[in-house]
Each structure stands twice: as C-alpha cells, then as structure tokens.
Amino acid sequence: MDNLTNLLAGFGHVITPANLLIALIGVTVGTAVGVLPGIGPAMTVALLLPITYGMDPTQAFIMFAGIFYGGMYGGSTTSILLNTPGESSSVITAIEGNKMAKAGRAAQALATAAIGSFVAGTIGTLLLVLVTPIVVTFAISLGAPDYLAMIVLAFIAVTAVLGASRVRGFAALLLGLVIGVIGIDKVTGQQRLTLGMPLLADGIDVVVVAVGIFAVGEALWVAAHLRHTSGQVIPVGQPWLGKQDWKRSWKPWLRGTALGFPFGAIPAGGAEIPTFLSYAAERKLTKHPEEFGKGAIEGVAGPEAANNASAAGTLVPMLAIGLPTNATAAVMLAAFQSYGIQPGPLLFTRESTLVWTLIASLFVGNLLLLVLNLPLAPAWAKLLQIPRPYLYAGILFFASMGAYAVNAQPFDLFLLLILGLIGFGMRRFGLPVLPLIVGVILGPIAERQGRMALQLSGGDLSGLIGGPVSYVIYATIAVILLWPLVRRVLPRRPAEPPAAAEETTDTVHH
C-alpha cells in the first residue's frame, strides 16, 4: 500500500505543466536521436546525458526517462525501415520488420512495434513497482562481502555470457577496470595512473567515458563502414493495425513481456536472449508459419515487446542494488552518479521522492511515446534521409559539446578523442563495449566493498567470502566459468537419427 501511495505522489510531481513539457521534450529528442541509423538506446542516452546537466535532479530524471524509452522506440523504426539495427537486441525486429516494410506493410510493422512497446513498457514498469521494494528489502540484509560477490558475478556475467568470446570480454573488462582506477586513491591518497597530470587526479568522468566509447566510437565506426549517401528509406503511411493484425499481435505482446522482464532483471540477462526466445516461440506457436522469413507480424510484435519489457527489468537491479545488467542501465547509473546519487538499498529511503517520480515518469513517458509516434512516424522516416557525412559530423559535434559541459575543461575533449579511438579499436577487433563500461562504473565500488570486507575481518582473506548469499553467488560463478569444460566432457548426442541422415543423403544424390 505504501508503494502505491509513493507512486501516486510521484505522479503528483510529474503531472505539472513544466514537468510534462520536460517529459515530452525527452521523449521527442530521445526518439529523434534513437531513430538515426546505427544508434541504439545506450548511445542515445550517452549522447543526450549532458543536456540534463544544470537541471534540477527531479526534472533531469523525468527527461531522462523520456530519452530512455524514446531511444528504445527509435531503434525499432530504424530496424524496420532501413534494416539497420542500432543494437543486437533489435536484430530480430529487423528480420521480419524489414520484410514487412518491403512488402508494403511498413505502417503495420511500425504500429505493432509502437503499441507492443507501450504494452510491454507499461506492464514492465508495473512489475518494477511491485518487485523493486522486495529486492531492496533483501539488499538491506546484505553485507560488504555479499555486495562484492554480486559485483564479481556482474563482471563474469557481462564478459563470459553475453560476448561471443570470453577472452575479448575479459580484455574489455580489464580495460574498464584500468580506466576506473585512474586518479587519487581515496584511502591512501596515492596517485594512480595519472602520468603526473594534475587534471587526471580526480579520475576520468564516467560521462566522458560513456560518450567517448559509445557515441564517438560508434560514430567513427559506422561512418567508416556505411555508404556516404543516405539510406534507401521505405515510404511510410499512417501507422495503423487492421482487425486481423490486432488479433495476431496481442498474444505475442503479452508473451514477449513475460519473457523480457525476468531476463532484464537478472545479471547477464540483457534483451538479446528474450528477443531470440520470443521469436522462436512465435515461430512455433503461429498459425501462419509460411509467413516467417517473409514478414510475419508476430515476429515483430513479440521480440519488440520482449525488448521493451527487458528495458524495464534492467531498472530493478540498477535502482535496488546499483548493478547495471546492460549498456543502457550502465549509462543511467552514470547519470545518477553525476548528481552524487548512488543507487542501492538506501536510495529508496534517501531519495524516495526522486525514485518514485522517476518511476511515475516512465508511465507518463511511455504514454507520450505512443501518442507522439503513431502520428509522427512519417516524419521520423524523413530523418533517415539525412546524408551520412552530415549525420555523423553532427553526432561528433554534440558529443564534444556534451563532454565539454561536464567540467568545462578542454582537456576532456582530448580524453574524448582518445576514448573514441579506443571505442573504434574495440569495434574493429570485436571487443564488446559493455564490459568496459561496467568495469569503469563498478570497479571503484568493488574496490571499496572489498576493502570494507577486509577491514571488518581484520585483514583475513576469509572475510571476502561472507555468508550463505556469497556462497551461492560464487557457486554460480564457478558454474558459469566451468560449464564450457563440462560441456566438452559430457557425451554428445548424434546430430541427427540415422534414418534422417540417409534421407538427406538420398536427397543430395537426387
């Protein structure tokens, strides 16, 4: 009941003319930037993070909620019309969505993506309201060793589970941890990796790292590989759904939401797994299997709902424990830290008004997104016709302005360029970006929790282990690390039955 009262109080803060205008600006700008080719939600949030500087924290997070959901929707528009997913979780939307668009059903594909995003976002945010306080109650009972164990699990999860290569994942994480320790050690006062530069004594601001790695690195990479002309954009009419489309979409929306939220809320979840699972489920359950691969509306509705529900799910561990489970949540955690606010169990006590206003603004932003994007879809499509050189020059300009606004130091522009080149190099050699960002943000927190655990145990290393929660987490880590070896030892099943193999052979001969 207290949660409902707090949520209603949050709505009271959001539903004022000034704050509704800020929410509308956030949704509009987030969608406009998110709809540009090659730009996903994480890059959208990183790029637009600096525009919230100087604002009151409550208003900044209302705008941020709009940017967050706007960027999510913008990515689906690009996937459907240009077949250019901004991130890996939008790949599945592109498979069927772009086929629908080429078949003259772009309006229906955009409509089912928009309404599915609204349904999943609303249900996901409701679950956020219900689940987060329970997680907070659990988190309050944890000690420093337990937090350290959870952070180690987050490190292992984003490197060993999400990436294609564990070695590259750990290399990216190590790079992030190195960047995270730059500056003066707060306990000993010693300078670490500052190279004698006074401007590095305070470390590198997380916002500069996020904008450099995401925005500048991605802009350099995409500009180097895509054509210099604007993409061939498929014409868009007014998005609408016929009776048959509604009938075929509503169940995939609900199934996608049910798959997406839990995966978003657990470390190593992310949106990639539930979108693939949603697509596989819809392909199996559909009454129109012949349409899959040629533009099935279920193949857009389910994965898009899973993607947005997963986005709401990522906010549970981020707000309750301070653990980001994907790149967008990592950038949002950086936004909290830029205001001197540390997400975690005490957040709901210390910053109760801010948190419930943020959650209420997610509902408002989600509704504004639906009202705004259904009529404006043809206008967003025209944004895709911007010539590529102008587009990426603009992105680099705004990224530079945003990084300079953090500390008003020209030195930050130099750091931005270096980090952008690192981001470009990571994409060139296949290193995932998420472990680096997680390492930068969680590295100093892991160091602090580890030191605290050792102080409590008088320097005894057994103090790092903690109690039952730590045992379970370290056992989970052992399973994640050892599973590839165990899988090699286990006897493999034959690829196919002998009869099927003979049948295949006969077919080939014929």
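This passage describes helices, a nonpolar surface patch, salt bridges, aromatic pairs and two loop residues in a predicted model. Residues are numbered from 1 along each chain as its sequence is written, and side-chain values use heavy atoms, with hydrogens and water left out. As the model is a prediction, local features need pLDDT of at least 70 and side-chain atom pairs count only at pLDDT 80 or more, whereas totals for chains, interfaces and linings use all residues.

A good place to start is with two helices. Helices here are DSSP runs of H or I with at least four residues, strands are runs of E with at least two, and both are numbered from the N terminus. Helix α5 covers residues 91-140 and spans only 38 Å between its end C-alpha atoms, where a straight helix of 50 residues would span 74 Å at 1.5 Å a residue. The expected span is 1.5 Å times one less than the number of residues. Within α5 there is a bend of about 135 degrees at G104, the bend at a residue being the angle between axes fitted to the seven residues ending there and the seven starting there. Helix α18, with 22 residues, reaches 30 Å from its first C-alpha to its last, close to the expected 32 Å. A kink of about 50 degrees is nevertheless found in α18 at L482, shortly before the proline P484.

Helix α18 also has a part in the surface. Residues F170, V479, L481, L482, W483, L485, V486 and L490 make a nonpolar surface patch of about 710 Å². Such patches are made of residues with over 30% relative accessible area and no salt bridge, with nonpolar side chains (Val, Leu, Ile, Met, Phe, Trp, Tyr) joined within 5 Å and like charges joined within 9 Å. The accessible areas come from the Shrake-Rupley method with a 1.4 Å probe, and for residues only the protein chains shown count as cover. Helix α18 (residues 468-489) supplies the largest share of the patch, 6 residues. F170, by contrast, is found in helix α7 (residues 166-181) and is partly exposed at a relative accessible area of 32%; buried means under 20%, exposed over 50% and partly exposed in between. Other residues of α18 are covered: S470, I473, I477 and I480 are buried.

Turning to charged side chains, those of opposite charge can pair when their charged atoms come close. The structure holds 6 salt bridges, each being a side-chain nitrogen of Lys or Arg within 4 Å of a carboxyl oxygen of Asp or Glu. One of them joins E298 to R248, with the closest N and O atoms 2.8 Å apart. This pair links distant parts of the chain, as E298 is in helix α11 (residues 298-320) and R248 is in helix α9 (residues 243-265), 50 residues apart. Both E298 and R248 are buried. Another salt bridge is formed by R255 and E282, whose closest N and O atoms are 2.9 Å apart. R255 lies in helix α9 and E282 in helix α10 (residues 272-285), so this pair ties together parts that are 27 residues apart in sequence. Of these two partners, R255 is partly exposed at 30% relative accessible area, while E282 is buried at 1%. D185 and R192 form a further salt bridge, with the closest N and O atoms 3.6 Å apart; D185 is buried at 6% and R192 is partly exposed at 23%. D185 and R192 also belong to a network of salt bridges with E447 and R451.

Aromatic rings offer another set of contacts, and a search of the whole structure finds 9 aromatic pairs. Among them, W246 and W253 form an edge-to-face pair, 5.6 Å centre to centre with 90 degrees between the planes. Rings of Phe, Tyr and Trp (its six-membered ring) pair if their centres lie within 6.5 Å, and planes under 30 degrees apart count as stacked, over 60 as edge-to-face and the rest as tilted. W246 is partly exposed at 40% relative accessibility, whereas W253 is buried at 4%. Elsewhere, ring pairs link F61, F64, F336 and Y339 into a cluster.

Finally, the loop between β2 (191-192) and α8 (206-225) contains L193, and L195 is also placed between β2 and α8. L193 has a positive phi of about 55 degrees although it is not a glycine, and L195 likewise has a positive phi of about 55 degrees. L193 is partly exposed at 48% relative accessibility, and L195 is exposed at 73%.

Conventions:
Buried < 20%, exposed > 50% of the residue type's maximum accessible area, 1.4 Å probe, protein only.
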